[in-house]
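Student: I am new to this structure and should like a close look at a single part of it. Could the Tutor please describe the nonpolar surface patch and the helix that belongs to the account?

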Amino acid sequence: MTGDIILAAKFIGAGLAMIGALGAGVGIGLSVQGALQGMARNPDAYGNLLTNMILGIAFSEAIAIYCLVIAFLMLFVL
């Protein structure tokens with residue numbers, strides 16, 4: 001019985017750790033939306049906006065990867 005409770009706590013903890021990936025997904029969507037609107041309004045700024053958008057996506061995706069690593073640590077190490 002005690003082992004089942006610990007296993008359930010691991011699954012709950014890993015699921016809670018992945019909530020951060022939701023924020024990263026929303027952040028990526030908003031940054032792409034803003035960049036596309038900016039490109040549509042001012043096509044001359046395409047290169048600058050694209051570079052900044054890709055950099056922002058990379059930083060947002062790093063948060064999701066950190067959440068995934070923490071979830072895996074909770075499942076397989078603890």
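Tutor: The answer below goes from the whole chain to the patch, and then to single residues.

This is a predicted model, in which local features need pLDDT of at least 70 and side-chain atom pairs count only at pLDDT 80 or more, while totals for chains, interfaces and linings use all residues. Residues are numbered from 1 along each chain as its sequence is written, and side-chain values use heavy atoms, with hydrogens and water left out.

The chain has 3 helices and 0 strands, in the order α-α-α from the N terminus. Helices (H or I, at least four residues) and strands (E, at least two) are DSSP runs, numbered from the N terminus. The C-alpha trace spans about 65 × 15 × 5 Å along its principal axes. Of the 78 residues, 15% count as buried; buried means under 20% relative accessible area, exposed over 50%, and partly exposed in between (1.4 Å probe, protein chains only). The chain exposes about 5600 Å², of which carbon and sulfur atoms supply 75%.

The nonpolar patch on the surface is formed by Ile-65, Leu-68, Val-69, Ile-70, Phe-72, Leu-73, Phe-76, Val-77 and Leu-78, with about 890 Å² of accessible area together. Such areas come from the Shrake-Rupley method with a 1.4 Å probe; for residues, only the protein chains shown count as cover. Patches are made of residues with over 30% relative accessible area and no salt bridge, where like charges are joined within 9 Å and nonpolar side chains (Val, Leu, Ile, Met, Phe, Trp, Tyr) within 5 Å. A salt bridge is a side-chain nitrogen of Lys or Arg within 4 Å of a carboxyl oxygen of Asp or Glu.

Phe-76 is found in helix H3, residues 46–76. Phe-72 also lies in helix H3, 4 residues from Phe-76, about one turn of the helix. The structure holds 1 aromatic pair. Phe-72 and Phe-76 form a tilted aromatic pair, 6.1 Å centre to centre with 40° between the planes. Rings of Phe, Tyr and Trp (its six-membered ring) pair if their centres lie within 6.5 Å; planes under 30 degrees apart count as stacked, over 60 as edge-to-face and the rest as tilted. Phe-76 counts as exposed because its relative accessibility is 66%, whereas Phe-72, at 43%, counts as partly exposed.

Ser-60 is also found in helix H3, but at 19% relative accessibility Ser-60 counts as buried. Leaving aside neighbours within four places in sequence, Ser-60 is in contact (heavy atoms within 4.5 Å) with Ala-24, Gly-27 and Ile-28.
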